[in-house]
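Colleague: I would like to learn how to read a model like this one, feature by feature. Please start with the general idea each time and then turn to the case at hand.

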Amino acid sequence: YGIEAFAAGSIGVMVPFIMDDVLGRMDLQEILIGLYAIPQFLFIPLWVRIARRVGKKKLWMWGMAAVIPGYGGIIWANQGGPALVLVLVTILACGIGIAAIVVPSIKADIIDYDELQTGERKEGAYTAAWNFIRKFGGGLALGVSGLLLQLAGYDGAAEVQTETVRNTILLIAGGLPAAGYAIGMLLFSRFSLNEAEHADVLAQLRERRGES
């Protein structure tokens with residue numbers, strides 16, 4: 001989740017730089033934002049249905065598997081042009097939309113499991129930790145992006161940025177998030193709380209509470 005927050009922060013910061021300094025097509029920025037936002041809402045019913053069929057972990061793994069080339073392909077935006085970026089952003093919207101549905105549900109399952117282990121409900125603590133991770137990831141993305149641009153020699157007054165700056169922009173927006181998601185997939189592959197185990201957790205909690 002922290003990796004996802006970092007990735008979202010990175011591309012969120014870099015979109016204006018990509019469209020202006022790399023592609024020179026600021027006129028497409030609104031279209032880009034639409035392609036990023038609309039599929040996340042449009043496919044919510046589809047992701048819910050698929051999650052019920054294949055499981056939340058598998059669906060999120062699929063989403064991360066789609067997001068890695070989605071981010072990674074941005075590195076070649078110079079060669080592919082605006083069309084490539086628009087396609088990649090649509091792919092990212094689908095993968096990130098999956099996470100938006102699955103992550104809160106998995107968090108709820110973990111809270112139930114924690115209650116079974118400790119006898120306490122800790123929604124507040126988990127929500128606070130989740131929000132801290134989200135803000136930390138986004139803040140880290142801002143800090144790293146600014147630092148790398150400065151080191152690359154970004155000049156806000158220049159009409160044309162150097163090739164080093166343009167490549168750095170693409171690295172921040174695409175390369176770093178793709179690498180982060182690859183690590184995230186590896187870590188999350190070890191997550192083992194599935195739907196059957198969660199159903200058993202709920203049954204034990206109901207029994208403990210004396211519910212039928």
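Modeller: We will go from the overall layout to the core, and then to single helices and residues. Keep in mind that this is a predicted model.

Colleague: What does the protein contain in the way of helices and strands?

Modeller: Begin with the secondary structure and the overall dimensions. The protein has eight helices and zero strands, so the pattern along the sequence is α-α-α-α-α-α-α-α. Its C-alpha trace spans about 70 × 30 × 25 Å along the principal axes. Of the 212 residues, 41% are buried. Among contacts between residues at least 6 apart in sequence, 76% join residues at least 24 apart.

Colleague: Which residues of the largest nonpolar core touch the most other members?

Modeller: In soluble globular proteins, nonpolar side chains tend to be buried together. Here the largest nonpolar core holds 44 residues, and those touching the most other members are Met 14, Ile 18, Trp 60, Tyr 71, Ile 74 and Ile 169. Two or more residues each come from α1, α3, α4, α5, α6 and α7. Helix α5 gives the largest share, 12 residues.

Colleague: Take Ile 74 from that list. What is Ile 74 in contact with, leaving aside its neighbours within four places in sequence?

Modeller: Ile 74 is in contact with Ile 11, Ile 18, Leu 88, Leu 92, Leu 170, Ala 173 and Gly 174, once neighbours within four places in sequence are set aside. Ile 18 is itself among the core members named above.

Colleague: Gly 73 comes just before it in the numbering. Is Gly 73 buried or exposed?

Modeller: Gly 73 sits in the loop between α4 and α5. With a relative accessible area of 14%, Gly 73 is buried, because the cut-off for buried is under 20%. Outside its neighbours within four places in sequence, Gly 73 is in contact with Leu 84 and Leu 88. Its C-alpha atom is separated by 9.0 Å from that of Ala 178, a residue 105 places away along the chain.

Colleague: How should I read the side of a helix, say in α8?

Modeller: An α-helix has 3.6 residues a turn, so residues three or four places apart point the same way. In α8, the buried residues are His 198, Val 201 and Leu 205. These cover an arc of only 55° around the axis, which puts them on the same side of α8. The face turned away from that buried side carries the exposed residues Ala 196 and Glu 207. Helix α5 is included in what covers the buried residues.

Colleague: What is there at the two ends of α8?

Modeller: Look at polar contacts at the start and at the backbone angle after the end. At the start of α8, a side-chain oxygen of Asn 194 reaches to within 3.2 Å of the backbone nitrogen of Ala 196. After α8 comes Gly 210, with a positive phi near 80°. The helix has 15 residues and reaches 21 Å from its first C-alpha to its last, close to the 21 Å expected at 1.5 Å a residue.

Colleague: How does α6 read by the same checks?

Modeller: Helix α6 has 30 residues and reaches 43 Å from first C-alpha to last, close to the 44 Å expected at 1.5 Å a residue. Its buried residues are Trp 130, Gly 137, Ala 141, Ser 145, Leu 149 and Ala 152. What covers them includes α1, α5 and α7. Just after α6, Gly 153 takes a positive phi of about 95°.

Colleague: Thr 168 has a polar side chain. What does the side chain of Thr 168 reach?

Modeller: For a residue of this kind, check accessibility and then look for a partner. Thr 168 is in helix α7 and counts as buried at 13% relative accessibility. The side chain of Thr 168 reaches the backbone oxygen of Thr 164 at 2.7 Å. Beyond its neighbours within four places in sequence, Thr 168 is in contact with Leu 148, Leu 149 and Ala 152. Two of those, Leu 149 and Ala 152, are on the list of buried residues in α6.

Colleague: How many aromatic pairs are found in the whole structure?

Modeller: There are seven aromatic pairs. One of them joins Tyr 1 and Trp 130, a tilted pair at 5.5 Å centre to centre with 35° between the planes. Tyr 1 lies in the segment before α1 and Trp 130 in α6, so the pair ties together parts 129 residues apart in sequence. Tyr 1 is partly exposed at 31% relative accessibility, whereas Trp 130 is buried at 19%. Elsewhere, Trp 60, Phe 188 and Phe 191 form one aromatic cluster.

How values were computed: Residues are numbered from 1 along each chain as its sequence is written. Side-chain values use heavy atoms; hydrogens and water are left out. A nonpolar core is a set of buried Ala, Val, Leu, Ile, Met, Phe, Trp, Tyr and Cys residues joined through side-chain atoms within 4.5 Å. Buried means under 20% relative accessible area, exposed over 50%, partly exposed in between (1.4 Å probe, protein chains only). Helices (H or I, at least four residues) and strands (E, at least two) are DSSP runs, numbered from the N terminus. Contact means heavy atoms within 4.5 Å. A polar contact is a pair of N or O atoms within 3.5 Å; within protein, one must be able to donate a hydrogen and the other to accept it, and residues adjacent in sequence count only if both atoms are side-chain atoms. Rings of Phe, Tyr and Trp (its six-membered ring) pair if their centres lie within 6.5 Å; planes under 30 degrees apart count as stacked, over 60 as edge-to-face and the rest as tilted. The expected span of a helix is 1.5 Å times one less than its number of residues. The arc is that of the directions from the helix axis to the C-beta atoms.
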